[in-house]
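Biologist: Could you take me through one part of this predicted model in detail? I'd like a close look at the sheet and what sits around it.

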Amino acid sequence: MHNVLRILSISILTTFLVMTIMTISGGFIATDLVAKAEIVTESPMPIPKIEYFDIEDCKAESEPVIEETPIEVYIPTEPEITMSEEDISLIALLTMAEAENQPEEGKRVVIDTVLNRMDSEHFPDTAHGVIYQPSHFSSMWNGRVNKVSATEECKQLVREELVSRRDSEVVYFTAGHYGKYGKPKYKLGDHYFSTYN
């Protein structure tokens, strides 16, 4: 029994010495290195096999790569108005002369009547040409136009209708009844609006 203990003590001491020698011969372990042990089973007493690898290599493999996708931000822009302020004021003046006492919607459709005529092949293509066309807008020759002014509110209605019209078909209107020209479409306020045909 005493011999067994002695052999066992020698074996433990030998293992301790081998481990100490291996650690010293392997050099110092840096703080950013990690030891990975692999057991060698051929020897009677398992002796760990030391391998070293850089911890930064592990991080690079384990962390997912996230690709940054640029974010597109939509910034709405104001629609461009190509009509001059002079023409806007002229249309607003006609609108006040023809529809000063009408609701906003009625004023908008009077504005559309002028814009639609400018776009039509059957009428002049300028605001001045449409508004001053002989015998078309009674307020321009009966003196009514001299009693009103183009308000800022009415000019703003013209700008809004330039961007988006309420009605892109009407080209005629008269007060109190449908006129003798065009195809009747609807009544709005005191005015009866008609299309070209």
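**The sheet and its surroundings**

Modeller: Happy to. What we have here is an open sheet of 3 strands, in the order β3-β5-β4, and the pairing is antiparallel. At the edges stand β3 and β4 (183-188), each with a single partner strand, so one side of each is left without a neighbour in the sheet. Going from one strand to the next, the twist averages 30 degrees. As a general point, strands of a sheet pair through backbone hydrogen bonds, and that can be parallel or antiparallel.

Let's zoom in on one pairing. β3 joins up with strand β5 (residues 191-195) over 5 bridges, in the antiparallel sense. If you want a residue to click on, take Thr174: its bridge partner in β5 is Tyr192.

Thr174 also takes us to the largest pocket, since it's among the residues that lie nearest the pocket's centre, along with Arg117, Ser135, His136 and Phe173. The pocket has a volume of about 400 Å³, and 16 residues line it. Which element gives the largest share of that lining? It's strand β3 (residues 170-175), with 4 residues. Sorted by class, the lining has 7 nonpolar, 6 polar and 3 charged residues.

Now for the helix that goes with the sheet. Helix α4 (residues 104-119) lies across β3, β4 and β5, and it runs at about 130 degrees to β3. Just ahead of α4, have a look at Glu100, which sits in the loop between α3 (85-99) and α4. Is Glu100 buried or exposed? Somewhere in the middle: its relative accessibility is 38%, so it counts as partly exposed. Leaving out neighbours within four places in sequence, Glu100 is in contact with Thr95, Lys107, Arg144 and Val148. Val148 is 48 residues away along the chain, yet its C-alpha atom and that of Glu100 are separated by 8.3 Å.

To put all this in context, the protein chain has 6 helices and 5 strands, and from the N terminus on they run α-β-β-α-α-α-α-α-β-β-β. Of contacts in the chain with a separation of 6 or more, 52% are between residues 24 or more positions apart. As for burial, 26% of the 197 residues count as buried.

Conventions
Residues are numbered from 1 along each chain as its sequence is written. This is a predicted model: local features need pLDDT of at least 70, side-chain atom pairs count only at pLDDT 80 or more; totals for chains, interfaces and linings use all residues. Side-chain values use heavy atoms; hydrogens and water are left out. On a 1 Å grid over the protein atoms alone, a cavity is a set of points where a 1.4 Å probe fits but cannot get out, and a pocket is an open set with protein on both sides within 12 Å along at least five of seven lines; lining residues have an atom within 4 Å of a point. Grid points are joined across faces, edges and corners, and a volume is the space filled by probe spheres set on the points. Helices (H or I, at least four residues) and strands (E, at least two) are DSSP runs, numbered from the N terminus. Ala, Val, Leu, Ile, Met, Phe, Trp, Tyr, Cys and Pro count as nonpolar, Asp, Glu, Lys and Arg as charged, and the others, Gly among them, as polar. Two strands pair if DSSP finds at least two bridges between them. Axes are lines fitted to C-alpha atoms, for helices over the stretch in contact, and angles run from 0 to 180 degrees between N-to-C directions. Contact means heavy atoms within 4.5 Å. Buried means under 20% relative accessible area, exposed over 50%, partly exposed in between (1.4 Å probe, protein chains only).
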